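Thank you all for coming; I would like to take a few minutes to walk through one structure. Please have it open in front of you while I talk.

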Amino acid sequence: MRIIVDSNLEGSFHGFDGGRVFKFTTGQIWEQAEYKYHYHYAYRPAAQIIEDQGSFYLQVNGMNDRVKVMKVR
């Protein structure tokens, strides 16, 4: 397990939902790659992209859950 991105998400974060797109302040864009719904509001939360056994996951500070993602840009 290793951290690929350690930054903040841009703007308002509303949790996980099918196909949601996450933009980091670094310019990287990641899209939710599995269906998972978990509502959590935060403004510009700290977040990490974690590589674990060949898959990538978004972990947002303040949430106990993570979601599988794929890189868009």
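Let me begin with a question: how many residues lie between S3 and S4 in the hairpin that they form? There are five residues between these two strands, and Gly 27, which sits in the turn, has a positive phi of about 100 degrees. Before I go further, please keep in mind that this is a predicted model, and that every value I quote is computed from it. Staying with this hairpin, strand S3 covers residues 21-23 and strand S4 covers residues 29-32, and the two run antiparallel, joined by three bridges. One of the pairings is that of Lys 23, whose bridge partner in S4 is Ile 29. S4 also pairs with S8, again in the antiparallel sense and over three bridges, and here Trp 30 stands opposite Lys 71 in S8.

Let me now step back to the overall fold. The protein has zero helices and eight strands, so that, read from the N terminus on, its elements run β-β-β-β-β-β-β-β. The radius of gyration is 11 Å, close to the 11 Å that the globule rule gives for 73 residues, and the protein is therefore as compact as a globular protein of that length. Along its principal axes, the C-alpha trace spans about 30 × 25 × 20 Å. Of the 73 residues, 34% count as buried, and if we take the contacts between residues at least 6 apart in sequence, 51% of them join residues at least 24 apart.

The next strands to look at are S1, S6 and S7. S1 and S6 run antiparallel and are joined by six bridges, with Asn 8 standing opposite Ala 46 in S6. S6 and S7 likewise run antiparallel, with six bridges between them, and their hairpin has two residues between the strands, where Gln 53 takes a positive phi near 55 degrees.

Within S6, I would like to spend a moment on one polar residue. Is Gln 48 buried or exposed? Gln 48, which is found in strand S6, counts as buried because its relative accessibility is 13%, and the cut-off for that class is under 20%. Its opposite number in S7 is Gln 59, while Leu 58, ten residues away from Gln 48 in sequence, lies 5.8 Å from Gln 48 in space, C-alpha to C-alpha. Leaving aside neighbours within four places in sequence, the residues in contact with Gln 48 include Ile 3, Val 5, Asp 6 and Tyr 57. Which side chains, then, make polar contacts with this buried glutamine? The side chain of Asp 6 does so at 3.3 Å, and the side chain of Asn 61 does so at 3.2 Å.

Turning to the nonpolar side of the picture, the largest nonpolar core has 14 residues, of which Phe 16, Phe 24, Leu 58 and Val 60 touch the most other members. The elements that give two or more residues to this core are strand S6, strand S7 and strand S8. For Val 60, again leaving aside neighbours within four places in sequence, the contacts are Leu 9, Phe 13, Phe 16, Pro 45, Ala 46 and Ala 47.

Finally, the charged residues. Side chains of opposite charge can pair when their charged atoms come close, and the structure holds five salt bridges. One of them is between Arg 2 and Glu 51, with the closest N and O atoms 2.8 Å apart. That pair links distant parts of the chain, since Arg 2 is in strand S1 and Glu 51 is in strand S6, 49 residues apart. Arg 2 itself is exposed, with a relative accessible area of 51%. Another salt bridge joins Asp 17 and Arg 20, where the closest N and O atoms are 3.9 Å apart; here Asp 17 is partly exposed at 24%, and Arg 20 is partly exposed at 28%. A further one joins Glu 34 to Lys 36, with the closest N and O atoms 3.9 Å apart, and these two residues are linked with Asp 65 in a network of salt bridges. Glu 34 is partly exposed, with a relative accessible area of 30%, and Lys 36 also counts as partly exposed, at 22%.

Technical notes
Residues are numbered from 1 along each chain as its sequence is written. This is a predicted model: local features need pLDDT of at least 70, side-chain atom pairs count only at pLDDT 80 or more; totals for chains, interfaces and linings use all residues. Side-chain values use heavy atoms; hydrogens and water are left out. A nonpolar core is a set of buried Ala, Val, Leu, Ile, Met, Phe, Trp, Tyr and Cys residues joined through side-chain atoms within 4.5 Å. Buried means under 20% relative accessible area, exposed over 50%, partly exposed in between (1.4 Å probe, protein chains only). Helices (H or I, at least four residues) and strands (E, at least two) are DSSP runs, numbered from the N terminus. Contact means heavy atoms within 4.5 Å. Two strands pair if DSSP finds at least two bridges between them. A polar contact is a pair of N or O atoms within 3.5 Å; within protein, one must be able to donate a hydrogen and the other to accept it, and residues adjacent in sequence count only if both atoms are side-chain atoms. A salt bridge is a side-chain nitrogen of Lys or Arg within 4 Å of a carboxyl oxygen of Asp or Glu. The radius of gyration is taken over C-alpha atoms; the globule rule is 2.2 Å times the number of residues to the power 0.38.
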